[in-house]
Amino acid sequence: MSSTMDSDPLLALRHAIKTKSPITYVANSEPTTSLLAASHIVLSPTLSLPKSTTTRYSKPGTSASSPSDFFTLEAVYLAWLLRDAPVAEYMKQARDNGLAVGFVSVTERKSIVEWLEGKVNDLKRIVSLAAESTTPPGTPTHPGAATMPLITPKRTAHTADTTTTPSKRRYVADQQDVEVVKRIKQNEVELRDRNTVLRGTKPNNFSALRATYSERLKKLKETKPGATPVSAPTAENLYPIIMISSSPTALITMHNVKRFLQESLFESSSAARERAAAAGNSRAEDVIHIDRRRVPPSSSSQPTSTSRGDIQRYFVVDSTDALQKFGADAWERVVCVMTTGQAWQFRPYRWSEPRALFHHVKGVYVSWANDPPNTKIKDWNVTELKIDPHRRHIDKSVVAHFWQLIDDWTITNKPWLIKS
(Lines give C-alpha, C1' and ligand atoms only; values in the text may rest on other atoms or scores of the structure.)
Protein backbone atom coordinates (compact mmCIF):
# COMPACT_ATOMS: atom_id res chain seq x y z
CA MET A 1 0.00 0.00 0.00
CA SER A 2 2.88 2.34 0.83
CA SER A 3 4.48 1.81 -2.55
CA THR A 4 1.14 2.52 -4.24
CA MET A 5 0.83 5.80 -2.37
CA ASP A 6 4.36 6.76 -3.32
CA SER A 7 3.64 5.89 -6.93
CA ASP A 8 0.34 7.77 -7.24
CA PRO A 9 0.25 11.55 -6.60
CA LEU A 10 -3.45 11.55 -5.71
CA LEU A 11 -3.12 8.82 -3.08
CA ALA A 12 0.05 10.44 -1.71
CA LEU A 13 -1.73 13.78 -1.33
CA ARG A 14 -4.71 12.08 0.31
CA HIS A 15 -2.45 10.25 2.75
CA ALA A 16 -0.63 13.46 3.67
CA ILE A 17 -3.93 15.26 4.31
CA LYS A 18 -5.50 12.43 6.32
CA THR A 19 -2.39 12.04 8.49
CA LYS A 20 -2.07 15.84 8.75
CA SER A 21 1.52 15.70 7.54
CA PRO A 22 3.09 19.08 6.74
CA ILE A 23 2.93 19.93 3.05
CA THR A 24 5.65 22.32 1.88
CA TYR A 25 6.95 23.77 -1.39
CA VAL A 26 10.36 23.73 -3.08
CA ALA A 27 11.70 26.03 -5.79
CA ASN A 28 15.11 25.34 -7.34
CA SER A 29 15.96 22.93 -4.51
CA GLU A 30 15.23 25.66 -1.96
CA PRO A 31 12.20 25.78 0.37
CA THR A 32 9.65 28.48 -0.40
CA THR A 33 6.32 29.62 1.05
CA SER A 34 4.81 30.60 -2.31
CA LEU A 35 2.94 27.98 -4.29
CA LEU A 36 3.20 30.19 -7.38
CA ALA A 37 7.01 30.28 -7.18
CA ALA A 38 7.35 26.60 -6.26
CA SER A 39 8.26 23.93 -8.75
CA HIS A 40 7.63 20.92 -6.46
CA ILE A 41 5.21 20.03 -3.68
CA VAL A 42 6.75 18.05 -0.81
CA LEU A 43 4.21 15.56 0.56
CA SER A 44 6.59 13.70 2.88
CA PRO A 45 10.29 13.74 3.76
CA THR A 46 10.90 11.15 1.04
CA LEU A 47 8.38 12.28 -1.58
CA SER A 48 8.57 15.43 -3.67
CA LEU A 49 6.46 15.80 -6.79
CA PRO A 50 6.39 18.47 -9.51
CA LYS A 51 3.28 20.57 -8.97
CA SER A 52 2.40 20.10 -12.65
CA THR A 53 2.20 16.29 -12.17
CA THR A 54 -0.96 14.89 -13.74
CA THR A 55 -3.32 13.11 -11.33
CA ARG A 56 -6.03 10.51 -11.93
CA TYR A 57 -8.78 13.09 -11.28
CA SER A 58 -10.33 13.73 -14.71
CA LYS A 59 -11.82 17.01 -15.84
CA PRO A 60 -15.56 17.13 -16.50
CA GLY A 61 -16.67 16.71 -20.11
CA THR A 62 -13.46 15.00 -21.25
CA SER A 63 -12.77 11.47 -22.48
CA ALA A 64 -9.99 10.93 -19.91
CA SER A 65 -7.73 9.63 -22.66
CA SER A 66 -4.86 12.15 -22.60
CA PRO A 67 -2.88 13.93 -19.83
CA SER A 68 -4.60 17.23 -20.63
CA ASP A 69 -7.91 15.63 -19.59
CA PHE A 70 -6.77 15.36 -15.96
CA PHE A 71 -6.21 17.92 -13.20
CA THR A 72 -2.67 18.60 -12.04
CA LEU A 73 -1.47 17.97 -8.50
CA GLU A 74 -1.33 21.72 -7.95
CA ALA A 75 -4.98 22.19 -8.94
CA VAL A 76 -6.21 19.40 -6.64
CA TYR A 77 -4.08 20.61 -3.74
CA LEU A 78 -5.23 24.21 -4.21
CA ALA A 79 -8.88 23.07 -4.13
CA TRP A 80 -8.25 21.46 -0.75
CA LEU A 81 -6.14 24.37 0.53
CA LEU A 82 -8.92 26.88 -0.30
CA ARG A 83 -11.77 24.55 0.66
CA ASP A 84 -13.43 27.17 2.91
CA ALA A 85 -12.80 30.23 0.72
CA PRO A 86 -15.78 32.04 -0.87
CA VAL A 87 -16.36 31.52 -4.56
CA ALA A 88 -14.87 34.81 -5.75
CA GLU A 89 -11.89 34.55 -3.40
CA TYR A 90 -11.20 30.96 -4.51
CA MET A 91 -11.19 31.91 -8.20
CA LYS A 92 -9.00 34.94 -7.51
CA GLN A 93 -6.46 32.85 -5.58
CA ALA A 94 -6.45 30.26 -8.36
CA ARG A 95 -5.59 32.93 -10.93
CA ASP A 96 -2.97 34.48 -8.63
CA ASN A 97 -1.29 31.06 -8.37
CA GLY A 98 -1.03 30.72 -12.15
CA LEU A 99 -4.14 28.61 -12.70
CA ALA A 100 -6.09 30.90 -14.99
CA VAL A 101 -7.39 27.68 -16.53
CA GLY A 102 -7.21 24.13 -15.28
CA PHE A 103 -8.32 24.73 -11.69
CA VAL A 104 -10.98 22.59 -10.02
CA SER A 105 -14.35 24.28 -10.48
CA VAL A 106 -16.36 25.46 -7.51
CA THR A 107 -19.02 22.83 -8.12
CA GLU A 108 -16.38 20.06 -8.08
CA ARG A 109 -14.38 21.39 -5.13
CA LYS A 110 -16.55 19.95 -2.36
CA SER A 111 -16.50 16.38 -3.71
CA ILE A 112 -12.72 16.22 -4.20
CA VAL A 113 -12.11 17.76 -0.75
CA GLU A 114 -14.34 15.15 0.88
CA TRP A 115 -12.43 12.40 -0.92
CA LEU A 116 -9.05 13.82 0.07
CA GLU A 117 -10.13 14.05 3.72
CA GLY A 118 -11.42 10.46 3.69
CA LYS A 119 -15.09 11.36 4.14
CA VAL A 120 -15.95 9.41 0.98
CA ASN A 121 -14.10 6.42 -0.44
CA ASP A 122 -15.14 6.59 -4.08
CA LEU A 123 -15.28 9.45 -6.51
CA LYS A 124 -16.75 8.91 -9.96
CA ARG A 125 -14.19 10.90 -11.93
CA ILE A 126 -11.07 9.44 -10.28
CA VAL A 127 -9.74 6.88 -12.76
CA SER A 128 -8.74 3.58 -11.17
CA LEU A 129 -5.11 2.51 -11.09
CA ALA A 130 -3.97 -0.19 -13.52
CA ALA A 131 -2.24 -2.06 -10.69
CA GLU A 132 -5.43 -2.09 -8.65
CA SER A 133 -7.69 -3.44 -11.40
CA THR A 134 -9.63 -6.55 -10.32
CA THR A 135 -10.90 -7.38 -13.83
CA PRO A 136 -10.01 -10.96 -14.80
CA PRO A 137 -7.48 -11.34 -17.62
CA GLY A 138 -9.02 -11.51 -21.06
CA THR A 139 -12.15 -9.56 -20.06
CA PRO A 140 -13.14 -7.11 -22.83
CA THR A 141 -12.63 -3.47 -22.04
CA HIS A 142 -15.85 -1.74 -20.98
CA PRO A 143 -16.68 1.32 -23.10
CA GLY A 144 -15.95 4.50 -21.17
CA ALA A 145 -13.73 2.76 -18.60
CA ALA A 146 -10.28 4.19 -18.13
CA THR A 147 -7.21 3.38 -16.11
CA MET A 148 -4.10 5.30 -15.30
CA PRO A 149 -0.64 3.70 -15.20
CA LEU A 150 1.46 4.02 -12.10
CA ILE A 151 3.67 7.10 -12.03
CA THR A 152 7.20 7.01 -10.74
CA PRO A 153 7.52 10.22 -8.69
CA LYS A 154 10.62 12.15 -7.81
CA ARG A 155 12.07 11.01 -4.50
CA THR A 156 13.72 14.34 -3.74
CA ALA A 157 13.87 17.76 -5.24
CA HIS A 158 17.42 17.00 -6.41
CA THR A 159 16.52 14.01 -8.58
CA ALA A 160 16.23 14.85 -12.26
CA ASP A 161 13.09 13.86 -14.16
CA THR A 162 14.74 11.68 -16.82
CA THR A 163 12.20 8.90 -17.34
CA THR A 164 9.18 9.49 -19.53
CA THR A 165 6.92 7.14 -21.43
CA PRO A 166 4.77 7.72 -24.51
CA SER A 167 1.61 7.25 -22.38
CA LYS A 168 2.77 9.66 -19.69
CA ARG A 169 4.61 12.69 -20.95
CA ARG A 170 5.02 15.85 -18.96
CA TYR A 171 3.22 18.79 -20.55
CA VAL A 172 5.46 21.71 -21.48
CA ALA A 173 3.59 24.93 -22.20
CA ASP A 174 4.35 26.73 -25.41
CA GLN A 175 5.94 30.12 -24.70
CA GLN A 176 3.68 31.85 -27.20
CA ASP A 177 0.64 30.38 -25.46
CA VAL A 178 1.97 31.61 -22.12
CA GLU A 179 2.20 35.16 -23.44
CA VAL A 180 -1.34 34.96 -24.81
CA VAL A 181 -2.64 33.78 -21.45
CA LYS A 182 -0.85 36.66 -19.72
CA ARG A 183 -2.53 39.18 -22.02
CA ILE A 184 -5.92 37.56 -21.40
CA LYS A 185 -5.39 37.71 -17.62
CA GLN A 186 -4.58 41.42 -17.81
CA ASN A 187 -7.99 42.11 -19.36
CA GLU A 188 -9.94 39.78 -17.11
CA VAL A 189 -12.85 41.10 -15.09
CA GLU A 190 -12.93 39.67 -11.60
CA LEU A 191 -16.11 37.72 -10.94
CA ARG A 192 -18.02 38.91 -7.91
CA ASP A 193 -21.01 37.41 -6.17
CA ARG A 194 -23.51 39.07 -3.87
CA ASN A 195 -21.47 38.17 -0.79
CA THR A 196 -18.31 39.94 -1.96
CA VAL A 197 -20.30 42.96 -3.15
CA LEU A 198 -22.08 43.35 0.18
CA ARG A 199 -18.87 42.78 2.13
CA GLY A 200 -17.06 45.71 0.48
CA THR A 201 -13.41 46.60 0.88
CA LYS A 202 -13.54 48.44 4.18
CA PRO A 203 -15.52 48.07 7.42
CA ASN A 204 -18.90 49.76 7.48
CA ASN A 205 -19.45 52.40 10.12
CA PHE A 206 -23.05 52.82 11.23
CA SER A 207 -22.27 55.02 14.25
CA ALA A 208 -24.12 58.01 12.78
CA LEU A 209 -27.23 55.93 12.13
CA ARG A 210 -27.00 54.36 15.57
CA ALA A 211 -26.69 57.76 17.22
CA THR A 212 -29.75 59.00 15.31
CA TYR A 213 -32.03 56.22 16.50
CA SER A 214 -30.52 55.41 19.92
CA GLU A 215 -32.74 57.91 21.71
CA ARG A 216 -35.89 56.62 20.04
CA LEU A 217 -34.98 53.01 20.76
CA LYS A 218 -34.28 53.90 24.37
CA LYS A 219 -37.74 55.41 24.75
CA LEU A 220 -39.33 52.35 23.15
CA LYS A 221 -37.53 50.03 25.58
CA GLU A 222 -38.57 52.14 28.56
CA THR A 223 -42.23 51.96 27.51
CA LYS A 224 -43.83 49.15 29.51
CA PRO A 225 -46.09 46.63 27.72
CA GLY A 226 -49.71 47.68 27.98
CA ALA A 227 -48.84 51.24 28.98
CA THR A 228 -50.57 54.15 27.33
CA PRO A 229 -48.48 55.29 24.38
CA VAL A 230 -46.90 58.70 24.64
CA SER A 231 -48.90 61.26 22.72
CA ALA A 232 -47.36 63.04 19.80
CA PRO A 233 -45.53 66.29 20.59
CA THR A 234 -47.77 69.33 20.51
CA ALA A 235 -47.17 72.90 19.50
CA GLU A 236 -46.79 73.80 23.17
CA ASN A 237 -43.21 72.49 23.24
CA LEU A 238 -42.31 72.34 19.54
CA TYR A 239 -41.59 75.44 17.50
CA PRO A 240 -41.14 75.67 13.73
CA ILE A 241 -37.58 76.00 12.39
CA ILE A 242 -36.39 78.13 9.47
CA MET A 243 -33.07 77.32 7.83
CA ILE A 244 -31.13 79.98 5.95
CA SER A 245 -27.97 79.82 3.84
CA SER A 246 -24.59 80.06 5.54
CA SER A 247 -23.11 81.80 2.49
CA PRO A 248 -21.52 85.15 3.41
CA THR A 249 -22.95 86.65 0.20
CA ALA A 250 -26.55 85.75 1.08
CA LEU A 251 -28.95 88.67 1.53
CA ILE A 252 -30.40 87.12 4.69
CA THR A 253 -27.81 85.92 7.25
CA MET A 254 -27.70 85.27 10.97
CA HIS A 255 -26.68 88.92 11.42
CA ASN A 256 -29.79 90.54 9.92
CA VAL A 257 -32.49 87.84 9.89
CA LYS A 258 -34.03 88.78 13.26
CA ARG A 259 -34.50 92.42 12.36
CA PHE A 260 -35.87 91.51 8.94
CA LEU A 261 -38.42 88.89 10.02
CA GLN A 262 -39.36 90.31 13.41
CA GLU A 263 -39.21 94.07 12.79
CA SER A 264 -39.95 93.96 9.02
CA LEU A 265 -36.87 96.03 8.23
CA PHE A 266 -34.10 94.92 5.90
CA GLU A 267 -30.53 95.79 6.84
CA SER A 268 -27.49 94.62 4.90
CA SER A 269 -25.56 91.80 6.52
CA SER A 270 -22.35 93.88 6.71
CA ALA A 271 -24.12 96.82 8.38
CA ALA A 272 -25.81 94.50 10.88
CA ARG A 273 -22.48 92.84 11.64
CA GLU A 274 -20.79 96.19 12.27
CA ARG A 275 -23.63 97.30 14.51
CA ALA A 276 -23.40 94.09 16.53
CA ALA A 277 -19.60 94.42 16.81
CA ALA A 278 -19.99 97.97 18.14
CA ALA A 279 -22.34 96.60 20.79
CA GLY A 280 -19.75 93.97 21.79
CA ASN A 281 -21.20 91.02 19.87
CA SER A 282 -18.51 90.06 17.38
CA ARG A 283 -19.99 86.70 16.46
CA ALA A 284 -23.52 85.90 15.40
CA GLU A 285 -25.47 83.33 17.35
CA ASP A 286 -25.96 79.92 15.76
CA VAL A 287 -29.61 79.76 16.90
CA ILE A 288 -31.92 82.80 16.84
CA HIS A 289 -35.52 82.86 18.00
CA ILE A 290 -38.10 85.10 16.35
CA ASP A 291 -41.45 85.96 17.89
CA ARG A 292 -44.26 87.13 15.68
CA ARG A 293 -47.92 87.71 16.32
CA ARG A 294 -49.97 85.54 14.04
CA VAL A 295 -53.03 87.19 12.56
CA PRO A 296 -56.01 84.83 12.84
CA PRO A 297 -58.05 84.20 9.68
CA SER A 298 -60.45 87.10 9.19
CA SER A 299 -61.85 89.30 6.50
CA SER A 300 -59.31 91.97 7.34
CA SER A 301 -55.69 91.58 6.38
CA GLN A 302 -54.51 93.91 9.15
CA PRO A 303 -54.79 92.98 12.84
CA THR A 304 -57.14 95.07 14.96
CA SER A 305 -57.44 95.53 18.70
CA THR A 306 -59.92 92.66 18.84
CA SER A 307 -58.27 90.34 16.29
CA ARG A 308 -54.69 90.22 17.53
CA GLY A 309 -53.53 86.59 17.48
CA ASP A 310 -51.14 84.60 19.66
CA ILE A 311 -47.40 84.97 19.69
CA GLN A 312 -45.79 82.30 17.52
CA ARG A 313 -42.13 81.53 18.09
CA TYR A 314 -39.77 80.39 15.33
CA PHE A 315 -36.13 79.34 15.46
CA VAL A 316 -33.63 80.25 12.73
CA VAL A 317 -30.41 78.29 12.04
CA ASP A 318 -27.92 78.32 9.20
CA SER A 319 -26.23 74.92 9.61
CA THR A 320 -27.05 71.29 10.30
CA ASP A 321 -24.79 71.41 13.38
CA ALA A 322 -27.05 73.98 14.96
CA LEU A 323 -30.11 72.02 13.82
CA GLN A 324 -28.91 68.94 15.72
CA LYS A 325 -29.38 70.84 18.97
CA PHE A 326 -33.14 70.35 18.53
CA GLY A 327 -32.90 66.55 18.64
CA ALA A 328 -33.00 63.65 16.23
CA ASP A 329 -36.38 64.68 14.78
CA ALA A 330 -35.41 68.30 14.11
CA TRP A 331 -36.06 67.96 10.38
CA GLU A 332 -39.71 67.23 11.17
CA ARG A 333 -39.93 70.80 12.51
CA VAL A 334 -38.25 72.54 9.58
CA VAL A 335 -40.91 74.47 7.68
CA CYS A 336 -38.80 76.68 5.43
CA VAL A 337 -35.38 76.75 3.75
CA MET A 338 -34.14 80.07 2.37
CA THR A 339 -31.72 79.57 -0.50
CA THR A 340 -29.41 81.69 -2.60
CA GLY A 341 -29.74 79.30 -5.55
CA GLN A 342 -26.47 77.47 -4.75
CA ALA A 343 -26.90 73.68 -4.65
CA TRP A 344 -23.89 73.15 -2.32
CA GLN A 345 -26.03 74.58 0.49
CA PHE A 346 -28.04 71.34 0.59
CA ARG A 347 -25.17 68.81 0.72
CA PRO A 348 -25.31 68.21 4.50
CA TYR A 349 -29.11 68.35 4.58
CA ARG A 350 -31.37 65.37 5.11
CA TRP A 351 -32.41 65.71 1.47
CA SER A 352 -29.44 66.91 -0.57
CA GLU A 353 -31.29 66.99 -3.91
CA PRO A 354 -33.20 70.29 -4.32
CA ARG A 355 -36.35 68.78 -5.79
CA ALA A 356 -36.59 66.25 -2.98
CA LEU A 357 -35.80 68.87 -0.32
CA PHE A 358 -38.48 71.31 -1.44
CA HIS A 359 -41.00 68.51 -1.55
CA HIS A 360 -40.67 68.26 2.26
CA VAL A 361 -40.14 71.93 3.21
CA LYS A 362 -41.19 75.30 1.86
CA GLY A 363 -38.50 76.75 -0.42
CA VAL A 364 -37.90 80.49 -0.60
CA TYR A 365 -35.38 82.05 -2.98
CA VAL A 366 -34.27 85.49 -1.71
CA SER A 367 -32.88 87.98 -4.25
CA TRP A 368 -32.79 91.65 -5.14
CA ALA A 369 -35.83 93.00 -6.91
CA ASN A 370 -33.73 94.09 -9.89
CA ASP A 371 -31.83 90.78 -10.30
CA PRO A 372 -32.47 88.83 -13.52
CA PRO A 373 -34.32 85.49 -13.21
CA ASN A 374 -32.20 82.58 -11.95
CA THR A 375 -32.57 79.65 -14.35
CA LYS A 376 -31.10 77.20 -11.81
CA ILE A 377 -34.19 77.33 -9.60
CA LYS A 378 -36.89 77.04 -12.25
CA ASP A 379 -37.64 73.38 -11.35
CA TRP A 380 -36.84 73.57 -7.62
CA ASN A 381 -40.40 74.31 -6.47
CA VAL A 382 -39.37 77.49 -4.62
CA THR A 383 -41.08 80.88 -4.25
CA GLU A 384 -39.08 84.00 -5.02
CA LEU A 385 -38.90 86.69 -2.34
CA LYS A 386 -37.59 89.93 -3.84
CA ILE A 387 -36.12 92.69 -1.66
CA ASP A 388 -35.84 96.23 -2.98
CA PRO A 389 -32.27 97.57 -2.67
CA HIS A 390 -33.37 101.12 -1.73
CA ARG A 391 -37.04 101.42 -0.75
CA ARG A 392 -37.24 100.32 2.87
CA HIS A 393 -40.87 101.28 3.25
CA ILE A 394 -41.94 98.22 1.24
CA ASP A 395 -40.04 95.79 3.48
CA LYS A 396 -43.14 95.36 5.62
CA SER A 397 -45.21 94.05 2.71
CA VAL A 398 -42.37 91.71 1.64
CA VAL A 399 -42.12 90.25 5.15
CA ALA A 400 -45.90 89.95 5.42
CA HIS A 401 -45.93 88.03 2.15
CA PHE A 402 -43.20 85.74 3.50
CA TRP A 403 -45.16 84.94 6.69
CA GLN A 404 -48.29 84.32 4.65
CA LEU A 405 -46.37 81.76 2.57
CA ILE A 406 -45.07 80.06 5.73
CA ASP A 407 -48.48 79.98 7.42
CA ASP A 408 -50.24 78.54 4.37
CA TRP A 409 -47.60 75.84 3.86
CA THR A 410 -47.39 74.90 7.54
CA ILE A 411 -51.16 74.64 8.00
CA THR A 412 -51.33 72.34 4.98
CA ASN A 413 -48.28 70.14 5.68
CA LYS A 414 -47.36 70.42 9.38
CA PRO A 415 -50.36 71.81 11.25
CA TRP A 416 -49.15 70.45 14.60
CA LEU A 417 -46.47 73.14 14.64
CA ILE A 418 -48.98 75.98 14.55
CA LYS A 419 -49.94 77.36 17.92
CA SER A 420 -53.72 77.54 18.08
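**Figure 1. Phe346 and its aromatic partner in the predicted model.** Phe346 counts as buried, because its relative accessibility is 0%, and this value, like the others in these legends, comes from a predicted model. Phe358 likewise counts as buried, at 2% relative accessibility. The two residues form an aromatic pair with an edge-to-face arrangement, in which the centres are 5.6 Å apart and the planes stand at 90° to one another. Phe346 belongs to the loop between β12 (334–339) and α12 (354–360), whereas Phe358 belongs to helix α12, so the pair ties together parts that lie twelve residues apart in sequence.

**Figure 2. The aromatic cluster that includes Phe346 and Phe358.** Together with Trp331, Tyr349, Trp351 and Trp380, the residues Phe346 and Phe358 make up one aromatic cluster. Across the whole structure, a search finds 16 aromatic pairs, and the edge-to-face pair of Phe346 and Phe358 is one of them.

**Figure 3. Charged ends placed over aromatic rings at Phe71 and Tyr90.** The charged end of Lys59 sits over the ring of Phe71, at 5.9 Å from the ring centre. In the second example, the ring of Tyr90 has the charged end of Arg109 over it, with 4.6 Å between that end and the centre of the ring.

**Figure 4. The surroundings of Glu108 in helix α5.** Glu108 lies in helix α5, which covers residues 106–116, and it counts as buried because its relative accessible area is 17%, below the cut-off of 20%. When neighbours within four places in sequence are left aside, Glu108 is in contact with Tyr57, Pro60 and Arg125. Lys59, whose charged end sits over the ring of Phe71, is separated from Glu108 by 49 residues in sequence, while the C-alpha atoms of Lys59 and Glu108 are 9.5 Å apart in space.

**Figure 5. A nonpolar patch on the surface around Leu220.** The patch is formed by Phe206, Leu209, Tyr213, Leu217 and Leu220, which together have about 550 Å² of accessible area. Leu220 is placed in helix α8, made up of residues 207–222, and it counts as exposed because its relative accessibility is 61%.

**Figure 6. The protein chain as the setting for the close-up views.** The chain has 13 helices and 14 strands, and of its 420 residues 38% are buried. Its accessible surface comes to about 25900 Å², with 53% of that area belonging to carbon and sulfur atoms. Among contacts between residues at least 6 apart in sequence, 58% join residues at least 24 apart.

Conventions
Residues numbered from 1 in each chain as written. Predicted model: local features only at pLDDT ≥ 70, side-chain atom pairs only at ≥ 80, totals over all residues. Heavy atoms only, no water. Patch = residues over 30% accessible without salt bridge, like charges linked within 9 Å, V, L, I, M, F, W, Y side chains within 5 Å. Areas by Shrake-Rupley, 256 points an atom, 1.4 Å probe, with all protein chains shown as cover. Salt bridge = Lys/Arg side-chain N within 4 Å of Asp/Glu carboxyl O. Helix = DSSP H or I, 4+ residues; strand = E, 2+ residues; numbered from the N terminus. Buried < 20%, exposed > 50% of the residue type's maximum accessible area, 1.4 Å probe, protein only. Phe/Tyr/Trp six-rings, centres within 6.5 Å; stacked < 30°, edge-to-face > 60°. Lys NZ or Arg CZ within 6 Å of the ring centre and 35° of its normal. Contact = heavy atoms within 4.5 Å.
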